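Got a new structure in front of you and wondering where the labels come from? Let's go through a few of them, one question at a time.

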Amino acid sequence: MSRFCSLIIMGPPGAGKGTQARVISERLGVLHIDCGQVVRKEVASQTEFGLKAKEYMLAGRLVPDELIIGIMLKRLKVADCANGFLLDGFPRTVEQAKGLDNYLSAKDAKLDYIIFLGITERTAIQRLTSRRFCPSCGRVFNILTAPPKVEGVCDNCGREIEQRPDDKPETVIARLKVYELETAPLRNYYKDSEGYLEFDGDKPGEAVTEDVIDAINAGGRCK
Ligand code: AMP
């Protein structure tokens with residue numbers, strides 16, 4: 001039986017967290033939980049949380065800590081997390097990190113790996129404003145680096161692809177500012193932890209994946 005393995009991936013918006021999280025979680029056999037997707041699902045279903053979260057999301061602001069901690073800890077209790085998880089987009093503040101640590105230590109566990117992807121601001125803006133997604137199946141494209149086979153159309157389901165409202169240039173600038181203020185301190189919070197690993201996210205995606213997998217294998221915690 002595979003053992004429990006818990007990871008988080010963090011870095012500025014546009015660092016490639018989502019793409020890396022998908023590939024890495026598959027290679028390690030753990031569940032990928034995308035916090036932004038959890039939030040968008042709640043917003044689309046107009047749940048009580050979704051209604052509260054919507055205005056923050058559209059403004060490119062973080063949903064308040066207690067709301068997001070509540071929803072994510074609820075998500076971690078679902079049975080599909082039994083073998084572990086790779087959290088993408090959570091925690092984003094030191095408060096959220098403390099909420100996660102408390103949850104894990106109550107189970108006598110702690111994070112096995114903290115993956116930090118560094119990236120320059122220029123790359124962040126370029127990558128984010130060229131990102132598109134399929135509103136039907138959720139697949140993500142990038143019109144510069146990973147375009148669909150037919151321009152403007154999802155490869156999976158043929159729907160017209162769209163830009164997320166929070167990937168528009170004015171919101172992207174706001175998100176980068178939020179990152180500097182609220183999320184960058186997380187790096188300090190984690191950087192002396194066992195299992196903290198830092199990578200160059202400006203590199204091509206495949207190279208970053210191999211760097212991460214190599215480091216995780218060398219660390220020997222997730223087998
Ligand atoms: P993302 O897809 O990760 O860019 O997230 C989309 C939006 O969801 C963000 O702009 C926030 O409004 C909200 N959100 C996602 N993750 C978090 C989090 N950890 N803390 C607070 N808000 C979040």
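Q: What makes arginine 164 a polar contact of the ligand?
A: An N or O atom in the side chain of arginine 164 sits 3.1 Å from an oxygen atom of the ligand. The cut-off for a pair of N or O atoms is 3.5 Å, so this pair counts as a polar contact. Bear in mind that this is a predicted model.

Q: How do you know that arginine 92 has a polar contact with the ligand too?
A: Same test: a ligand oxygen lies 2.2 Å from an N or O atom in the side chain of arginine 92. That is within 3.5 Å, so the pair passes. Arg92 is also listed among the residues that come nearest to the ligand, along with Arg40, Arg61, Gly89 and Gln96, out of 16 residues around it.

Q: And what makes valine 63 a polar contact of the ligand?
A: Here the backbone does the job: a polar backbone atom of valine 63 is 2.9 Å from a nitrogen atom of the ligand. With the limit at 3.5 Å, that pair counts as well.

Q: Why are α4 and α5 called roughly parallel?
A: Helix α4 (residues 65-76) and helix α5 (residues 94-106) cross at roughly 30°, and their axes come within 10 Å. Angles under 35 degrees count as roughly parallel, and therefore the pair gets that name. The crossing of α4 and α5 is right-handed.

Q: Which residues make the contact of α4 with α5?
A: From α4 come Asp65, Ile68, Ile69, Leu73 and Leu76, while α5 brings Glu95, Gln96, Gly99, Leu100 and Tyr103. Sorted by class, that gives six nonpolar, two polar and two charged residues.

Q: Why are α6 and α7 called oblique?
A: The axes of helix α6 (residues 121-129) and helix α7 (residues 169-190) come within 10 Å and cross at roughly 140°. Roughly antiparallel needs an angle over 145 and roughly perpendicular runs from 65 to 115, so α6 and α7 end up as oblique. Their crossing is right-handed. On the α6 side the contact is made by Glu121, Ala124, Ile125, Leu128 and Thr129, and on the α7 side by Pro169, Val172, Ile173, Arg175 and Leu176. By class, the contact of α6 with α7 has seven nonpolar, one polar and two charged residues.

Q: What makes α2 roughly perpendicular to α4?
A: These two helices pack at an angle of about 100°, with their axes 11 Å apart. The range for roughly perpendicular is 65 to 115 degrees, so the label fits α2 and α4. Where they meet, α2 supplies Cys35, Val38, Val39 and Glu42, and α4 supplies Ile68, Ile71 and Met72. That contact divides into six nonpolar residues, no polar ones and one charged.

Q: What is notable about the phi of glutamine 46?
A: Phi of glutamine 46 is near 50°, a positive value in a residue other than glycine. You'll find glutamine 46 in the loop between α2 (35-44) and α3 (48-58).

Q: Where is the cis peptide bond?
A: A cis peptide bond joins phenylalanine 90 and proline 91, with omega at about -5°. Proline 91 is in the loop between β3 (84-88) and α5.

Terms used
Residues are numbered from 1 along each chain as its sequence is written. This is a predicted model: local features need pLDDT of at least 70, side-chain atom pairs count only at pLDDT 80 or more; totals for chains, interfaces and linings use all residues. Side-chain values use heavy atoms; hydrogens and water are left out. Axes are lines fitted to C-alpha atoms, for helices over the stretch in contact, and angles run from 0 to 180 degrees between N-to-C directions. Helices (H or I, at least four residues) and strands (E, at least two) are DSSP runs, numbered from the N terminus. A crossing is left-handed if the near helix is turned anticlockwise from the far one by less than a right angle, and right-handed if clockwise. Contact means heavy atoms within 4.5 Å. Ala, Val, Leu, Ile, Met, Phe, Trp, Tyr, Cys and Pro count as nonpolar, Asp, Glu, Lys and Arg as charged, and the others, Gly among them, as polar. A residue is near a molecule or strand if one of its heavy atoms lies within 4 Å of it. A polar contact is a pair of N or O atoms within 3.5 Å; within protein, one must be able to donate a hydrogen and the other to accept it, and residues adjacent in sequence count only if both atoms are side-chain atoms.
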